[in-house]
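Me: Before going through this chain, I would like a careful set of questions and answers on its fold, its ligand shell and its backbone. Please begin once the structure is on view.

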Amino acid sequence: MDLACQVMPGGVNSPVRSFKSVDGTARFIEKGEGAYLIDVDGNRYLDFCCSWGPLILGHNDPDVVEAVKNQIERGMTYGACTELEYQLASFIVNAVDAVERIRFVSSGTEAVMSAIRLARGFTGRDLILKFEGCYHGHCDAMLVSAGSGAATFGQPSSDGVPAAVASQTAVLPLDDGDALEKFMAQHGDSLAAVIIEGIPANNGLLIQRHEYMQLLRTLTEKHGALLILDEVISGFRVGLKGAAAYYRILPDLVTYGKIIGGGMPVGSFGGRKDIMQLLAPLGPVYQAGTLSGNPIAMVAGLATLKKLEDGRIHAELEEKNRLFVSEVISNLDDSSINMAGVASIFWLVFQPDLPRAAHDIKAEAISRYNRIHQRLLEAGLYFPPSGYEVCFISAAHSRQVLLQAAKTLADNILQEVQACA
Ligand SMILES: Cc1ncc(COP(=O)(O)O)c(C=O)c1O
């Protein structure tokens with residue numbers, strides 16, 4: 001790490017990888033193998049991070065690897081149209097009700113940034129509403145936190161974001177129907193879009209009530225604002241149809257990343273045809289990318305999605321995740337610790353209740369997670385290096401391995417509890 005720090009800020013290319021939150025030392029990874037990560041010192045870890053979500057099939061799935069190898073031999077990028085883009089686009093358009101047209105980009109951040117521009121272009125309005133505790137990548141309009149006091153309009157949450165840009169993004173708490181109704185009554189008619197994570201999973205796993213999401217849909221429609229569902233994590237993780245189907249809502253625009261690239265850099269945004277047709281070259285909203293629709297990303301994504309198509313893997317993952325969560329909870333037998341789970345996502349919560357809004361997460365709960373992280377690594381379990389991050393399981397995580405891990409996890413948590421008593 002010391003050497004890496006001499007050439008890269010903090011030694012990393014994405015801040016959470018530095019292990020700063022858990023006051024630990026980042027592991028340098030040599031290779032991935034199914035459900036495991038192997039570091040440069042030869043340590044083997046059961047991977048609950050799964051590259052932050054893309055690896056729903058695990059590391060180096062043979063079909064994905066073969067598709068990538070075949071494509072590499074034909075060229076890595078052409079900067080011209082391919083049938084592969086058409087195939088992945090058709091797959092997603094056929095699978096997801098809300099998506100009539102789609103465009104590929106190279107990251108989730110780019111997908112969100114482009115969807116916001118498109119929503120502004122379509123509505124002729126500037127104001128965007130987002131929610132505390134939802135992460136949508138690092139474009140300026142999304143690096144905004146709630147203003148102080150009664151002010152709903154945001155302020156920059158990072159240096160370098162102009163206050164004028166942040167002031168065009170309003171921020172509300174999740175799970176607060178009254179605040180939402182009040183905001184929409186006052187500002188709904190000047191709102192371009194509301195953006196929300198499909199299943200908020202970047203600041204804990206904050207599973208929303210169905211009624212709340214449906215209220216969001218009703219109010220956006222009433223005021224002519226677009227609903228952007230950010231499915232960068234939940235897309236093709238929460239079944240083929242994502243969180244939109246889970247909550248039974250039809251968003252106007254959807255953003256994707258992670259799984260649709262099968263481990264390669266990718267993102268996309270899609271939605272209603274009348275909105276998407278405003279994009280260049282058809283319309284006046286500009287958007288472009290040298291590596292957009294990259295053929296290697298397209299084949300990796302296609303190979304991944306095809307394996308998910310019949311629903312078997314999703315059903316198995318959901319059952320395995322439920323088994324893992326219930327096994328940890330029963331091994332712990334400690335009502336001060338809980339776990340949230342949905343599809344193949346879980347989150348370890350060191351507090352009795354499961355929060356639905358960011359402000360319900362207690363700082364002490366996060367400190368407890370951070371304290372245990374190093375101990376888990378030593379026990380061969382690779383958990384995300386921050387208590388706010390959720391965990392993923394993949395098709396490569398077998399029941400047997402998960403049952404064993406549930407016991408190791410519970411034992412280590414109990415040891416930590418005793419050490420602190
Ligand atoms: C919901 C959501 N949206 C957007 C992003 C940004 O994606 P990327 O990191 O590919 O830019 C993320 C990244 O974790 C995300 O979880």
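Reply: Helices are DSSP runs of H or I with at least four residues, and they are numbered from the N terminus. The model discussed here is a predicted one.

Me: Which helix gives the most residues to the shell around the ligand?
Reply: The ligand is surrounded by 15 residues, with Ser-107, Gly-108, Thr-109, Gly-137 and Val-232 as the closest. By class, this shell holds 5 nonpolar, 8 polar and 2 charged residues. The helix that contributes the most, with 3 residues, spans residues 108-123 and is α4.

Me: What radius of gyration does the protein chain have, set against that of a compact globule?
Reply: Along the principal axes, the C-alpha atoms fill a box of roughly 60 × 55 × 45 Å, and the secondary structure comes to 13 helices and 16 strands. For 421 residues, a compact globule would have a radius of gyration near 22 Å, so the value for the chain agrees with that expectation, at 21 Å.

Me: How far apart are the centres of domain 1 and domain 2?
Reply: Domain 1 is made of residues 2-61 together with 311-420, whereas domain 2 covers 75-308. Taken over C-alpha atoms, the separation between the two centres is 26 Å.

Me: Which element supplies the largest share of the side of domain 1 that touches domain 2?
Reply: The contact between the domains involves 24 residues of domain 1 and 27 residues of domain 2. On the domain 1 side, α11 (312-332), β13 (338-342) and β14 (345-349) each supply at least two residues, and the residues of that side divide into 17 nonpolar, 6 polar and 1 charged. The largest share, 3 residues, comes from β14.

Me: Which helix gives the largest share of the largest nonpolar core?
Reply: This core has 126 residues, and those with the most contacts inside it are Ala-119, Ala-193, Val-194 and Ile-228. Val-194, for instance, touches Leu-129, Leu-216, Thr-220, Ala-225, Leu-227 and Ile-228, leaving aside residues up to four places away in sequence. The core itself draws at least three residues from each of domain 1 and domain 2. Its largest share, 9 residues, comes from the helix at residues 295-308, α10.

Me: Is Phe-19, which has a positive phi, buried or exposed?
Reply: Most residues other than glycine have a negative phi. Phe-19 is not a glycine, yet its phi is about 65°, and its place is in the loop between α1 (2-7) and β1 (29-33). Because 20 C-beta neighbours lie inside 10 Å, Phe-19 counts as buried.

Me: Is Asp-333 buried or exposed?
Reply: Asp-333 also has a positive phi without being a glycine, in this case about 50°, and is found in the loop between α11 and β13. Since a residue counts as exposed if 12 or fewer other C-beta atoms lie within 10 Å of its own, and Asp-333 has 9, Asp-333 is exposed.

Me: Which residue is joined to Pro-281 by a cis peptide bond?
Reply: Pro-281 lies in the loop between α9 (273-276) and α10. The cis bond has an omega of about 15°, and the partner of Pro-281 is Ala-280.

Me: How far apart in space are Glu-378 and Asn-43, C-alpha to C-alpha?
Reply: Glu-378 lies in helix α12 (residues 363-378) and is exposed, with 11 other C-beta atoms within 10 Å. Although Glu-378 and Asn-43 are 335 residues apart in sequence, their C-alpha separation in space is 9.2 Å.

Technical notes:
Residues numbered from 1 in each chain as written. Predicted model: local features only at pLDDT ≥ 70, side-chain atom pairs only at ≥ 80, totals over all residues. Near = placed C-beta within 6 Å. Nonpolar A, V, L, I, M, F, W, Y, C, P; charged D, E, K, R; others polar. Domains from an automatic or database assignment. Contact = placed C-beta atoms within 7 Å. Rg over C-alpha atoms; globule rule 2.2 N^0.38 Å. Core = buried A, V, L, I, M, F, W, Y, C linked by C-beta atoms within 7 Å.
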